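Here are a few short exercises to work through with the structure open beside you. Try each task before reading its solution.

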Amino acid sequence: MRILLGFLMILVAPFAGAILSGIDRFCSARMQRRVGPPILQPFYDFYKFTQKKAYIVNGLQWLLVWGHFLFVVLSIWIIYSGEDFLLAIFSLTLSEMMLCLAAYSASAPYSNMSAQRELLQMACTEPMLLLTAIGFYLNSHSFMVSDIVSCSTPAILRAPGMFAGLLVILPIELRKSPFDVSSSHHAHQEMVKGVTTDISGRTMALVELTEWFEIFLMCTFVGLFFAYDNSLTGYLIGIAVALAVMLVMTLTDNVFPRVKWERMLAITWSTTFIAAGGNLLVLTLLQA
């Protein structure tokens, strides 16, 4: 049943991610006193990309973009089939590496600079994601997602520092200000479209589809902190908190300006080692 649930959520994830992306764009417009696009605009954009010819820089780029897509899908299947949370993080890391390599393969200045910044962003997020997995382990004594959601107490009670650290790196994963240094969904990106500058047509449609999966995956990470006893109440609380966090991310994107990569490293690493590291130290001492 867990395996079937994993495949079912692979079908649900892009639709949920697209709706969340549409709501994000709609709310952003209203915060800026604009009418903005309809909530279904991401579907229209996806259809537009599929109708355009993809100008492939080289065959390797096409292969790497597909790898970027498949590893994100694998992460979602791992989570919802109740498998190892660490494996899902490693799969997500491979997906981001594939996108970096796709940008590098273009041999174009904007793509290469954005790929370098994407690697810096990975250096900011990966320690926090690993500490998040450790927080789940110290709460449920297992890395298996099926055990994490079956634990008698939600992880947020024992790992609030990990949750705070996850919220700090979330704008990086969602490509939002103040940490949208490698790419952005908006026109204010300083390097055209960042890592996707030299990706077009149907290949760009695949990148857009992958971003919908990523949005859904990040919401899942947030919701896991509130799941307990396999109860419907825990799942509903997790969904509500994930939606609230997405709204806060939209507000942050419209309020804060982009920071330089040096400031991004300082903010994310200090949060990782102070909030998450401090939380880990406390939990270790309590269990000693």
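**Exercise 1: A phenylalanine and its surroundings**

Task: In this predicted model, find which residues Phe221 touches, leaving out those up to four places away in sequence.

Solution: Start at the side chain of Phe221 and list its partners: Ile79, Phe85, Leu92, Leu129, Phe136 and Leu166. Next, place Phe221 in its wider setting. The largest nonpolar core has 61 residues, and Phe221 is among those touching the most other members, together with Ile76, Ile79, Phe85, Phe213 and Phe225. Then ask which helix gives the most to this core: helix H9 (residues 201-224), with 15 residues. Finally, look for a second, separate core; its six residues include Cys124, Ile172, Phe179 and Leu265.

**Exercise 2: Two packed helices**

Task: Describe how helix H8 (residues 160-173) is placed against H9.

Solution: First take the axes, which come within 11 Å and cross at roughly 175 degrees. Angles over 145 degrees count as roughly antiparallel, so H8 is roughly antiparallel to H9. Now list the residues in contact: H8 brings Phe163, Leu166, Leu170 and Glu173, while H9 brings Met218, Phe221 and Val222. Sorting them by class gives six nonpolar residues, one charged and no polar.

**Exercise 3: The buried side of a helix**

Task: Work out which residues of helix H2 (residues 41-50) are buried and how they are arranged around its axis.

Solution: Begin with the buried set, Gln41, Pro42, Asp45 and Phe49. These residues span an arc of only 100 degrees around the axis, so they lie on the same side of H2. Last, see what covers them: the cover includes helix H1 (2-31) and H9.

Methods
Residues numbered from 1 in each chain as written. Predicted model: local features only at pLDDT ≥ 70, side-chain atom pairs only at ≥ 80, totals over all residues. Heavy atoms only, no water. Core = buried A, V, L, I, M, F, W, Y, C linked by side-chain atoms within 4.5 Å. Buried < 20%, exposed > 50% of the residue type's maximum accessible area, 1.4 Å probe, protein only. Helix = DSSP H or I, 4+ residues; strand = E, 2+ residues; numbered from the N terminus. Contact = heavy atoms within 4.5 Å. Axes fitted to C-alpha atoms, helices over the stretch in contact; angles between N-to-C directions. Parallel < 35°, antiparallel > 145°, perpendicular 65-115°, else oblique. Nonpolar A, V, L, I, M, F, W, Y, C, P; charged D, E, K, R; others polar. Arc of directions from axis to C-beta.
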